[in-house]
Each structure stands twice: as C-alpha cells, then as structure tokens.
Amino acid sequence: AGFVAAMTKYSLSWFRTAWCCYPEMLKFKGAKLIIEQAPEPSTIIWENLEYSSKGRFFRKCLTTSVAFLAILFSVLLTFLARDFQSKVIVNASMPCPAGFF
C-alpha cells in the first residue's frame, strides 16, 4: 500500500515536474525525489554492491579503452599486412637476376 501511495503522489504530470511547479512537500532537502520500484532481490548482483558508482564508471571506461585499443591495434596490423603483401607482390613480379638459378 505504501508503494502505491508513493507512486500516486510522485507520478506528477510533466508540467508539475518542472522545478518551479514541483510541490515543496515532495522535495527532500530542496531536491526532487525520483521514485521507482526496487528490483527483485534475486536480480541484484550482491557482489557488485561494494563498488561505488564512481568505481563502476571507472571500470567501464577502462574496459572500453582497452577494447578500443585492441580494435585499433588489429586495424593497424591489418593495414601493415596489406602493405607488406603489396610490396611482396611488386617485388615478386620483377625478373630474376641473371644467374639466379
């Protein structure tokens, strides 16, 4: 019953959610509250609760950076391999020097 009452009070129309029209009695220390239903306990990864949001953000940035560098390295390696291949083909089309065989 408490959840339904909170959602009824806090699910305001888009007009009333503007800062100037937000009811003072629904603010906490001058800030608007965002009310949403809590997840089921079985869907929470309890081991991750020890990490702060800053820590999770840093880990996401680190993982994204490593993945980006790996992709960049593979693209660079592909271009170098193609360049080497084209040089080998050009050199292979040259006639053999006299007395080579």
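This report describes the fold, helix α2, the salt bridge and the loop residues of a predicted model.

## Overall architecture

The protein chain contains two helices and two strands. Their order along the sequence is α-β-β-α.

Of the 101 residues in the protein chain, 5% are buried. The chain exposes about 9,500 Å², and carbon and sulfur atoms supply 69% of that area.

## Helix α2

Helix α2 covers residues 53-92 and has 40 residues. At 1.5 Å a residue, α2 should span 58 Å. The C-alpha atoms at its ends are 58 Å apart, so the span in the model agrees with the expected value.

Helix α2 is hardly covered by the rest of the protein chain: the count of buried residues among its 40 residues is zero. For a residue to count as buried, its relative accessible area must be under 20%.

## The salt bridge

The structure holds one salt bridge. It joins the side chains of Asp 83 and Lys 87, with an N to O distance of 3.5 Å. That distance falls within the 4 Å cut-off, so the pair qualifies as a salt bridge.

Both Asp 83 and Lys 87 belong to helix α2. They are four residues apart, about one turn of the helix. An α-helix has 3.6 residues a turn, so residues three or four places apart point the same way.

Asp 83 has a relative accessibility of 35%. This value lies between the limits of 20% and 50%, so Asp 83 counts as partly exposed.

## The loop between β2 and α2

Strand β2 covers residues 31-32, and the loop that runs from β2 to α2 contains Leu 33. The relative accessible area of Leu 33 is 32%, so this residue is partly exposed. Leu 33 also belongs to a nonpolar surface patch, together with Phe 28 and Ile 35. The area of this patch is about 250 Å². Patch residues need over 30% relative accessible area, and Leu 33 at 32% therefore passes that cut-off.

Ile 44 is also located in the loop between β2 and α2. With a relative accessibility of 26%, Ile 44 is partly exposed. This figure is not over 30%, and therefore Ile 44 does not meet the accessibility cut-off for a patch. Apart from its neighbours within four places in sequence, Ile 44 is in contact with Pro 39 and Leu 49.

Notes: Residues are numbered from 1 along each chain as its sequence is written. This is a predicted model: local features need pLDDT of at least 70, side-chain atom pairs count only at pLDDT 80 or more; totals for chains, interfaces and linings use all residues. Side-chain values use heavy atoms; hydrogens and water are left out. Patches are made of residues with over 30% relative accessible area and no salt bridge: like charges are joined within 9 Å, nonpolar side chains (Val, Leu, Ile, Met, Phe, Trp, Tyr) within 5 Å. Accessible areas come from the Shrake-Rupley method with a 1.4 Å probe; for residues, only the protein chains shown count as cover. Buried means under 20% relative accessible area, exposed over 50%, partly exposed in between (1.4 Å probe, protein chains only). The expected span of a helix is 1.5 Å times one less than its number of residues. Contact means heavy atoms within 4.5 Å.
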